[in-house]
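Me: I have a chain open and would like to go through the reasoning behind its labels with you. Could we take it one label at a time?

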Amino acid sequence: MQDARVDMGPQASPAQISEDTLAEEAGNATKRTLQLGTVSASLIKFHAFPQQGNDQAVARPALRKKTREGKESLERPCGLGCIVIPSCQRFNNIQCFLVFFCILVASQGIVFGLVDLSIDTFQKENHLGTSENLVLSLTYDISSCLIVLFISYYGGRGNIPRWIAFSSFLVGVGSLFFAFPYISDGRYQLSADPEDTCQEMKIIKTCRKASPSFQAKYIASFILGQIVQGIAGMPLYILGTIFIDNSVATHSAGIYLGLMDASLILGYSLAYVIGAPLMKGTENSTFLISVEDIDDHHKWLRSWWIYFGFVSLTAWITLIPLSCFPHSVRGTAKIKAEKRKQLHPFDNKFKDKELGTSIKDLFANTWVLMKDPVFICLALTKASESLVLIGASEFLPIYIENQFVLTHTTATKIAGFVLLPGGALGQLLGGIIVSKLHMSCKALMRFTIVTSVISLVFFGFVIFVRCDTIPFAGINEDYDGTGQLGNLTAPCNSHCRCSSSLYSAICGRDHIGYFSPCFAGCIQSKIIQNDKTYYNCSCIQEGLTTADDQGDFIDARPGTCDAKCYKLPLFIAFIFSTILFSVFSGIPNTLTILRIVSDNQRSLALGLAFVFLRIFGTIPGPIVFKMTADISCIFRETEYCGKKGNCWIYNKMKMAYLLVGICCICKVVTIFFTAIALCLCKYLPKDNSEILHMPVKNPTVKKKRKN
């Protein structure tokens with residue numbers, strides 16, 4: 001008892017002690033202020049130093065704020081480590097974050113586009129096998145699929161801006177991997193006749209391929225680059241989505257997420273526009289690379305690294321700004337508090353439950369999501385939608401080139417500059433519409449179904465917009481009855497020793513296309529005013545004759561014959577509308593996934609949805625569309641170094657039906673699974689049938705406060 005009285009004695013006059021303590025601490029604070037006065041406080045301050053000079057009445061409310069708001073207390077000033085610049089705090093908001101974030105996302109979109117074009121060029125130049133093609137194309141999807149669950153589960157509880165800053169570093173490094181083979185070595189071993197004309201005595205050497213060192217460096221560098229890009233992409237598209245959704249109001253998230261997805265598609269489209277001229281080395285459908293073009297071809301190969309280096313620089317520019325953003329930007333706490341007031345729990349299973357940190361907890365929570373039928377249906381919808389974009393990005397240039405008789409460069413530019421931006425516009429408009437209309441989960445699903453039906457109708461119109469097939473000797477014409485369909489050789493050119501590996505299409509005066517001047521029986525050529533013309537073609541006997549300046553009669557000119565088809569603008573209008581309405585459902589689908597799961601499972605749900613997207617969408621997608629192109633091929637190069645050669649001529653009708661058919665099946669799958677998810681939502685409680693929000697987190701704390 002005496003000890004107790006002794007302990008209580010000093011507490012008899014707390015006011016006096018408090019005044020003395022405050023006076024002493026105020027003096028210490030004044031001294032510290034004078035010591036730091038040599039550095040202008042308006043320019044910089046060190047945020048890491050604790051502010052112990054304030055009175056106790058300030059510390060207690062801060063503690064209560066942390067208890068009440070949890071993660072919202074992680075709002076911090078914008079700065080790099082302990083260095084905080086007060087004048088930069090005006091940028092500590094989600095709008096400024098979105099600017100740098102969209103630049104980074106667009107940079108990776110450019111990388112994706114350039115990689116696709118580069119791989120396409122490399123495959124045609126080197127005639128890679130099926131296994132090599134698949135490894136180069138699918139490494140990104142496989143690597144991202146393997147790590148996405150871990151990044152989404154553990155990264156969602158960390159400092160997301162730091163994860164995204166790390167992604168910006170990886171995007172730049174991965175881009176340099178892609179540039180490495182072009183910087184280090186770009187020499188080709190090329191041996192080919194300067195011109196494939198009809199000669200009775202000649203030796204054809206058509207095996208053109210890259211040097212073994214270049215090919216090995218290319219494959220190894222691109223595999224490493226794809227792996228790095230796969231790791232970099234998951235924090236961007238999973239954690240970046242969660243960060244944006246946390247920092248904006250519920251019905252504003254669609255606009256911000258739409259800007260993010262639009263940036264990715266615009267970056268990919270920009271890569272098609274700037275990379276199309278670099279594909280001139282593969283314009284086999286129009287001309288042949290001759291010995292005189294070897295030097296230009298080398299320069300063309302080395303020019304790739306300029307674009308990849310530019311993307312690296314652009315990505316690294318965002319590294320420091322993104323590193324400066326705190327765990328939660330200014331205003332996040334207020335937004336989360338408003339969201340919490342609107343919550344109406346529909347499932348008490350995860351009520352008051354915090355996710356564990358072990359691998360066992362990761363797989364346990366993944367299994368819980370796998371058992372949710374609504375989530376599974378929405379994830380499969382996301383995967384089916386990705387197939388449509390894959391078809392538009394990878395197969396569309398080939399379709400335009402062959403359907404409307406254009407060069408590969410022109411077809412690629414049309415796809416990148418006119419059509420693919422329709423995807424960006426669709427993502428943005430989809431996000432704006434659902435945000436402005438304040439759509440609930442059921443309304444979002446209905447919106448997805450309606451827009452998918454509209455795009456399905458436009459796909460039906462696309463199939464009727466095509467050009468007639470041009471007569472082509474040996475393919476659909478039989479050399480005036482002297483040859484056979486499917487055989488380029490006929491009596492008129494049997495003595496010419498022609499090779500089907502040298503595709504250099506010409507158009508005869510009889511308005512029939514020929515595989516090359518050799519197969520037309522042409523023995524002479526001239527270059528008049530930069531235009532090449534062919535003479536004395538034994539297979540061309542009909543048509544109007546035109547004399548040149550020297551009086552010789554021209555039999556054929558280089559290039560394919562004019563299809564006299566003017567449906568390209570109509571096709572562009574239909575396919576633009578199709579892509580526009582098709583991607584309308586992207587943002588609504590993502591928002592629905594975010595709303596049907598609990599707050600602490602959102603990042604994991606997005607990660608698991610991306611696994612479904614990879615397994616059922618982006619991994620089989622390129623394989624399916626490549627098979628479609630192979631099925632549509634009616635004449636393929638067969639004499640190239642003992643390997644399966646490139647396809648030179650496609651069946652236009654079959655190509656149109658297969659492309660539109662696959663895309664229509666994908667849209668039907670989207671409608672089917674979205675309709676199932678919508679029907680399953682009817683079994684939820686009536687009070688929550690229109691809004692499927694996440695459950696209240698830690699409601700027991702609120703009950704204690706009320707008491």
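Me: In the hairpin of E8 and E9, which residue takes a positive phi?

Reply: Happy to help, and please keep in mind that this is a predicted model. The residue is Gln 529, with a phi near 55 degrees, in a hairpin that has two residues between the strands. Most residues other than glycine have a negative phi.

Me: What makes E8 and E9 a pair of strands?

Reply: Pairing asks for at least two bridges, and six bridges join strand E8 (residues 522-528) to strand E9 (residues 531-537). The two strands therefore count as paired, and they run antiparallel. Among the residues involved, Gln 524 has Tyr 535 in E9 as its bridge partner.

Me: Which value of phi does His 511 have, and is His 511 buried or exposed?

Reply: His 511 has a positive phi, near 60 degrees, in a residue other than glycine. Its place is in the loop between E6 and E7. Exposed means over 50% relative accessible area, and His 511 has 58%, so it is exposed. A positive phi, near 55 degrees, is also found at Asp 480, in the loop between helix H17 (441-462) and E6.

Me: Why is the contact between Lys 667 and Glu 385 called a salt bridge?

Reply: The cut-off is 4 Å between a side-chain nitrogen of Lys or Arg and a carboxyl oxygen of Asp or Glu. Lys 667 and Glu 385 meet at 2.8 Å, N to O, so the pair qualifies. Lys 667 is in helix H22 (residues 652-680) and Glu 385 in helix H14 (residues 373-403), so this salt bridge ties together parts that are 282 residues apart in sequence.

Me: How do you know whether Lys 667 and Glu 385 are buried or exposed?

Reply: Buried means under 20% relative accessible area. Lys 667 has 0% and Glu 385 has 12%, so both count as buried.

Me: What makes Asp 141 and Arg 614 a salt bridge, and which parts does the pair tie together?

Reply: Their side chains meet at 3.7 Å, N to O, which is within the 4 Å limit. Asp 141 sits in helix H5 (residues 130-155) and Arg 614 in helix H20 (residues 602-618), so the pair ties together parts that are 473 residues apart in sequence. Both residues are buried.

Me: How many salt bridges are there in the whole structure?

Reply: A search finds five. One of them joins Asp 555 and Arg 509, at 2.8 Å, N to O. Asp 555 and Arg 509 are both buried. There is also a network of salt bridges that links Asp 245, Asp 599 and Arg 602.

Me: Which residues touch the most other members of the largest nonpolar core?

Reply: Of its 138 residues, they are Phe 97, Phe 101, Ile 244, Phe 375, Ile 400 and Phe 571. Leaving aside neighbours within four places in sequence, Ile 244 has contacts that include Ile 94, Leu 98, Tyr 256 and Met 260. A second, separate core has 28 residues, including Leu 488 and Phe 519.

Me: Why is Met 627 called partly exposed, and which patch does Met 627 help make?

Reply: The middle class lies between 20% and 50%, and Met 627 has 47% relative accessibility, so it counts as partly exposed. With Leu 134, Ile 623 and Ile 631, Met 627 makes a nonpolar surface patch of about 330 Å². Met 627 is in helix H21, and helix H21 (residues 620-632) gives the most to that patch, with three residues.

Terms used. Residues are numbered from 1 along each chain as its sequence is written. This is a predicted model: local features need pLDDT of at least 70, side-chain atom pairs count only at pLDDT 80 or more; totals for chains, interfaces and linings use all residues. Side-chain values use heavy atoms; hydrogens and water are left out. Patches are made of residues with over 30% relative accessible area and no salt bridge: like charges are joined within 9 Å, nonpolar side chains (Val, Leu, Ile, Met, Phe, Trp, Tyr) within 5 Å. Accessible areas come from the Shrake-Rupley method with a 1.4 Å probe; for residues, only the protein chains shown count as cover. Helices (H or I, at least four residues) and strands (E, at least two) are DSSP runs, numbered from the N terminus. Buried means under 20% relative accessible area, exposed over 50%, partly exposed in between (1.4 Å probe, protein chains only). A nonpolar core is a set of buried Ala, Val, Leu, Ile, Met, Phe, Trp, Tyr and Cys residues joined through side-chain atoms within 4.5 Å. Contact means heavy atoms within 4.5 Å.
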